[in-house]
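User: Got a minute to go through this one with me? I'd like to start with the ligand site.

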Amino acid sequence: MEVIIRETEQIASDMVAEILCEQVRKHHDTVLGLATGRTMERVYSRVAEIHKKENVDFLHTKTFNLDEYVGLSPENKNSYRYYMNELLFDQINIDLRNTYLPNGMANDFEVECKKYEETIKNVGGIDLQLLGIGESGHIGFNEPLSAFRSRTRVKPLTPTTVAQNSPLFDNPEDMPKRAISMGIGTILDAKRIVMLVTGEKKADVLAKAVEGPVTAMISATALQLHAKCVVIVDEAAATKLQGKDYYHWIFQNEPEWESFR
Ligand code: F6R
């Protein structure tokens with residue numbers, strides 16, 4: 001795992017946007033794994049800007065989102081399909097038929113989850129997976145005790161996650177308490193992972209995820225087992241990292257970091 005600390009949330013988000021666009025520039029038919037949430041809003045707005053300014057071509061790009069709430073249709077403003085269409089897909093030249101999210105309205109969730117896994121497999125797997133982290137330590141909606149080998153399935157959400165996300169609903173009570181989420185095993189199969197973490201509210205959980213012992217109580221610690229994972233954070237999120245000086249030093253002095261710039 002590699003940690004890059006940037007001065008501000010904007011600079012950290014721009015860097016992640018640049019990594020996504022660079023992947024698409026290099027491989028037009030790339031498969032991206034995407035996340036939603038407040039942290040990603042700046043990233044997608046920057047991706048849309050870069051697309052317009054530099055003509056980055058998303059026509060042959062495929063995307064798979066990490067998760068979707070159970071019971072929310074694509075027309076629901078709080079669904080992740082709605083979020084993705086609004087913030088990213090409608091802003092770039094992607095073919096919507098190449099954008100996949102789990103179906104929160106599926107009749108049979110077991111079948112839906114299997115199908116999602118198979119579709120990812122059939123396109124050759126995810127080349128670059130984007131992640132945020134929840135206050136419960138989740139990646140996707142892999143709440144504490146999610147198995148490191150888990151695949152896409154329905155997960156009940158923790159009170160921490162409900163408290164984190166329910167303010168985004170007009171009526172907080174309407175937030176579904178279950179979601180379909182790629183498993184930790186699905187995420188770890190991605191060839192490359194970039195996690196973005198910003199803001200002082202995430203400082204504690206980030207330190208545990210990156211520097212703490214690997215534990216199913218904090219799903220993001222599973223990323224320590226991935227061979228190509230970079231964690232990009234702002235100064236506010238980095239305050240509790242013990243190795244902060246070392247991470248700064250590497251970013252400034254080691255040329256192999258270039259691969260992530
Ligand atoms: C969303 C997702 C979640 C979020 C996490 C952080 O698709 O998978 O893991 O990345 O909850 O959310 P924000 O950015 O709103 O703090």
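User: What's the shell around the ligand like by class?
Analyst: The shell has three nonpolar, eight polar and three charged residues. Here Ala, Val, Leu, Ile, Met, Phe, Trp, Tyr, Cys and Pro count as nonpolar, Asp, Glu, Lys and Arg as charged, and the others, Gly among them, as polar.

User: Before we go on, what are we looking at?
Analyst: It's a predicted model: local features need pLDDT of at least 70 and side-chain atom pairs pLDDT 80 or more, while totals for chains, interfaces and linings use all residues. Residues are numbered from 1 along each chain as its sequence is written, and side-chain values use heavy atoms, leaving out hydrogens and water.

User: Which residues are closest to the ligand?
Analyst: Thr36, Thr39, Asp67, His138 and Lys202, out of 14 that surround the ligand (a heavy atom within 4 Å).

User: And which polar side-chain atom lies 2.7 Å from a ligand oxygen?
Analyst: One from Lys202. Thr36 also puts a polar side-chain atom 2.8 Å from a ligand oxygen, and Gly140 has a backbone N or O atom at 2.8 Å from one. Polar contacts here are N or O pairs within 3.5 Å.

User: Switching to the sheet: what's the strand order?
Analyst: 1-10-9-6-2-3-5, an open sheet of seven strands with parallel pairing. Strands are DSSP runs of E, at least two residues, numbered from the N terminus, and two of them pair if DSSP finds at least two bridges between them.

User: Which strands are at the edges?
Analyst: Strand 1 (2–6) and strand 5 (99–100), each pairing on one side only.

User: How many bridges join strand 9 to strand 10?
Analyst: Five, between residues 192–197 and 229–234. Ile193 stands opposite Cys229 there.

Notes:
A polar contact is a pair of N or O atoms within 3.5 Å; within protein, one must be able to donate a hydrogen and the other to accept it, and residues adjacent in sequence count only if both atoms are side-chain atoms. Helices (H or I, at least four residues) and strands (E, at least two) are DSSP runs, numbered from the N terminus.
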